[in-house]
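User: Hi! I'm new to reading protein structures, and I'd love to go through this one step by step. Could you help me?

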Amino acid sequence: MMEPVLEVKHVSASYREGKKEQQVLKDIDFTVHKNEILGLVGESGCGKTTLSKAILGFVKVQDGEIIHHTRNPQMIFQDPYSSLNPSKRVAWILEEPLRMQKIPKEERRRKVLAMAEKTGLSKEHLKRRPRELSGGQRQRVSIAVSLLQGSQFIIADEPVSALDVTIQRQIMELIIKLQEEMKFSVLFISHDLNVIYQMCDRVMVMRDGKIVEEGNVEEVFASPKADYTKELMAATLDVEV
Ligand SMILES: Nc1ncnc2c1ncn2[C@@H]1O[C@H](COP(=O)(O)OP(=O)(O)OP(=O)(O)O)[C@@H](O)[C@H]1O
């Protein structure tokens, strides 16, 4: 039996601007299981970020239900800069979730050093402030913060989109390595089918607020069923040629 970490049941949500209402999520229904990376792919504006905000309770669900089976799910953003305290050094930022958990100082230090090592941050990086790091290093910090929160479920919203190709590869490999070691679950959001293919076990394809296709990554890529998935794949191939 596959254990669920998150159940999204027939969820709809809208934005209202004055009298105008735009339905952005339409009957979204899926489960994230323990120890999997589930991809969510779709073009800009299809509702991916709105879905992640709804999951974390920042956007109100109109219909349906969202059930969390883990405590404190975390989110990793495209630009981690906004989520990291700019005035603090990395060591302080990494210790903060442990301080909140009332973990004593010595143990905090030990855990931070161990997590820094796991995520590829040096002692030198720990002394810096976020602005003194590269984009890839900042992304390592935000991954480390999420894991120090003890989170078993992470939403990664375009975590590698702002990085250049080499760094993108390194961060993807880091997430895969940590996931294999620590067995947490990830909802991995991207507009890039290549990234989804390399990262994910299963994939959902989203268009205009609806999931139009869902399945094992290998199967969906080998024989896409929805016309829209075929279009997305053709567009990706065009770019590659
Ligand atoms: N706060 C808001 N108020 C009103 N409309 C919004 C708001 N946020 C997003 N929208 C609209 O909702 C739709 C979905 O946006 P969303 O950001 O979820 O898409 P996305 O798939 O994450 O796109 P991207 O990949 O560009 O981030 C878009 O049409 C957008 O204009």
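User: Which residues touch the most other members in the largest nonpolar core?

Analyst: Happy to help, and please keep in mind that this is a predicted model. The largest nonpolar core holds 46 residues. Helix 5 gives the most to this core, with 6 residues. The members that touch the most others are L94, V141, I143, F188 and M199.

User: Which residues is I143 in contact with, leaving aside its neighbours within four places in sequence?

Analyst: I143 is a good one to look up, as it is among the core members with the most contacts to other members. Once its neighbours within four places in sequence are set aside, its contacts are I76, T119, I171, L174, I175 and L178.

User: How many residues are in the other core that lies apart from this one?

Analyst: Look for I28, L40, V59 and M204, which are among the members of that other core. It lies apart from the largest one, and its size is 24 residues.

User: Which residues of helix 2 are buried, and what covers them?

Analyst: Helix 2 covers residues 90-100. Its buried residues are V90, I93, L94, E95, P97 and L98. What covers them includes helix 3 (105-118), helix 4 (123-126) and helix 5 (135-148).

User: Is S151 buried or exposed?

Analyst: You can find S151 in the loop between helix 5 and strand 6. Buried means under 20% relative accessible area. S151 has a relative accessibility of 3%, so it counts as buried.

User: How far is the backbone oxygen of F153 from a polar atom of the S151 side chain?

Analyst: Let's start with the surroundings: not counting residues up to four places away in sequence, S151 touches N72, P73, Q74, S146 and F184. F153 belongs to strand 6, which spans 153-157. From its backbone oxygen to a polar atom of the S151 side chain, the distance is 2.8 Å.

User: In what order do the 3 strands of the open sheet come?

Analyst: The pairing in this sheet is antiparallel. Strand 2 (20-33) and strand 4 (63-68) are the edge strands, each pairing on one side only. Strand 1 and strand 2 are joined by 10 bridges, and L6 stands opposite V32 in strand 2. The order is 2-1-4.

User: At about what angle to strand 2 does helix 1 run?

Analyst: Helix 1 is made of residues 48-55. It lies across strand 1, strand 2 and strand 4. Relative to strand 2, the angle is about 70°.

Terms used:
Residues are numbered from 1 along each chain as its sequence is written. This is a predicted model: local features need pLDDT of at least 70, side-chain atom pairs count only at pLDDT 80 or more; totals for chains, interfaces and linings use all residues. Side-chain values use heavy atoms; hydrogens and water are left out. Two strands pair if DSSP finds at least two bridges between them. Helices (H or I, at least four residues) and strands (E, at least two) are DSSP runs, numbered from the N terminus. Contact means heavy atoms within 4.5 Å. Axes are lines fitted to C-alpha atoms, for helices over the stretch in contact, and angles run from 0 to 180 degrees between N-to-C directions. Buried means under 20% relative accessible area, exposed over 50%, partly exposed in between (1.4 Å probe, protein chains only). A polar contact is a pair of N or O atoms within 3.5 Å; within protein, one must be able to donate a hydrogen and the other to accept it, and residues adjacent in sequence count only if both atoms are side-chain atoms. A nonpolar core is a set of buried Ala, Val, Leu, Ile, Met, Phe, Trp, Tyr and Cys residues joined through side-chain atoms within 4.5 Å.
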